Amino acid sequence: MCFNPEFLREGVAVEDFYAPPKTVIGANDDRSAMIMTRIFEAVDEAPIVTSIETAEMVKYVDNVWHATKVCFANEVGRLCKPLGVDSHDVMDVFVQDTKLNLSSYYLKPGFAFGGSCLPKEVRAVAHIAKEAGVSLPMIESLGVSNTTHIARAIEMVRETGAKTVGVLGLAFKPGTDDLRESPILEVIAALNGEGVKVVVHDPAITPETPLAGQLAYVRHGSAGLKSLAADLPSMLRGDCSAVVEAVDALIVTHANDLYRDTVANSGATPVIDLVRLKREAASHPNYNGIGW
């Protein structure tokens, strides 16, 4: 059995057939996949061969993504008009960035967004729209979606029943000591408020790292973060192995070789992976990915 989704645009379907954006072949056996590959080789010498389930889901995801782009562009237009900004000029510049804006970057399931830019910019746009009396339900819901993802991570920890939890990766992204709106802080604050003991390791943030300025920023976050600012320094550990040895469950937020090796040698300790440490299926007995 094979499933061959089409990605043809109405009005230019023939052109798209001869120059397809991609050819996807979902098959449940190699022989069928090879037959389909030969059928399509006249227009595509390198079709994507995958499982039937993936091929089916790709069709849905493609069209939902296109609908998302339409809604996003339309909301940009509604925001720009009352501000006297030419929305087409804005989007003409926007689409010229193929390194970030029109690329695979940010399009892999993982943990919630955070940092010094994305959360405040989303809030700022929503605020500007509200002040202008413009409804932007898609942009306004980004924060809701992000909060829902954080809540799911907290629930995954609760499901383990762990009384002591280790967090591998504290900054909002690897290679930095920036804690500003790092989403894992919300998880730690919730667990800390419930009486769960939390210990933390981050290669860029040690017990000796000066955090006074950043913690002052953290205190202006949620109620949980206000209380966490005082407790966070005592949670930090300089040795990753000291974290693993002391906990009932691990949360991993950064993908690096140290944490991959740590998880591989963590025995039966439940692991909640928020970043996808490895592309291949995990062999760990108690591994649980947030979106895979």
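Two strands count as paired if DSSP finds at least two bridges between them. Keep that in mind for these exercises on a predicted model.

**Exercise 1.** Work out which strand pairs with β1, and which residue is the bridge partner of Cys 2.

*Solution.* Start with the pairing: β1 and β2 (residues 24–27) run antiparallel and share two bridges. That number meets the cut-off of at least two. Next, look along β2 for the partner of Cys 2, and you will find Ala 27.

**Exercise 2.** Place the strands in their sheet and explain why β1 and β3 each have a side without a neighbour.

*Solution.* First, write down the order, β1-β2-β3, in an open sheet with mixed pairing. Then find the edges: β1 (2–3) and β3 (48–50) have a single partner strand each, so one side of each lacks a neighbour in the sheet. Now add the helices. Helix α2 (residues 30–40) packs on the sheet and touches β1, β2 and β3, its direction making about 160 degrees with that of β2. Helix α3 (residues 52–83) also touches β1, β2 and β3, with an angle of about 140 degrees to β2.

**Exercise 3.** Find which element gives the most to the largest nonpolar core, then explore the surroundings of Phe 111.

*Solution.* Begin with the core itself, which has 37 residues; Phe 111, Leu 170 and Ile 251 are among those with the most contacts inside it. Elements supplying at least two residues include α7 (142–160), β4 (164–168) and α8 (183–193). Of the contributors, α8 gives the most, with six residues. Finally, turn to Phe 111: beyond its neighbours within four places in sequence, its contacts include His 149, Pro 183, Val 187 and Ile 290.

How values were computed:
Residues numbered from 1 in each chain as written. Predicted model: local features only at pLDDT ≥ 70, side-chain atom pairs only at ≥ 80, totals over all residues. Heavy atoms only, no water. Helix = DSSP H or I, 4+ residues; strand = E, 2+ residues; numbered from the N terminus. Contact = heavy atoms within 4.5 Å. Axes fitted to C-alpha atoms, helices over the stretch in contact; angles between N-to-C directions. Core = buried A, V, L, I, M, F, W, Y, C linked by side-chain atoms within 4.5 Å. Buried < 20%, exposed > 50% of the residue type's maximum accessible area, 1.4 Å probe, protein only.
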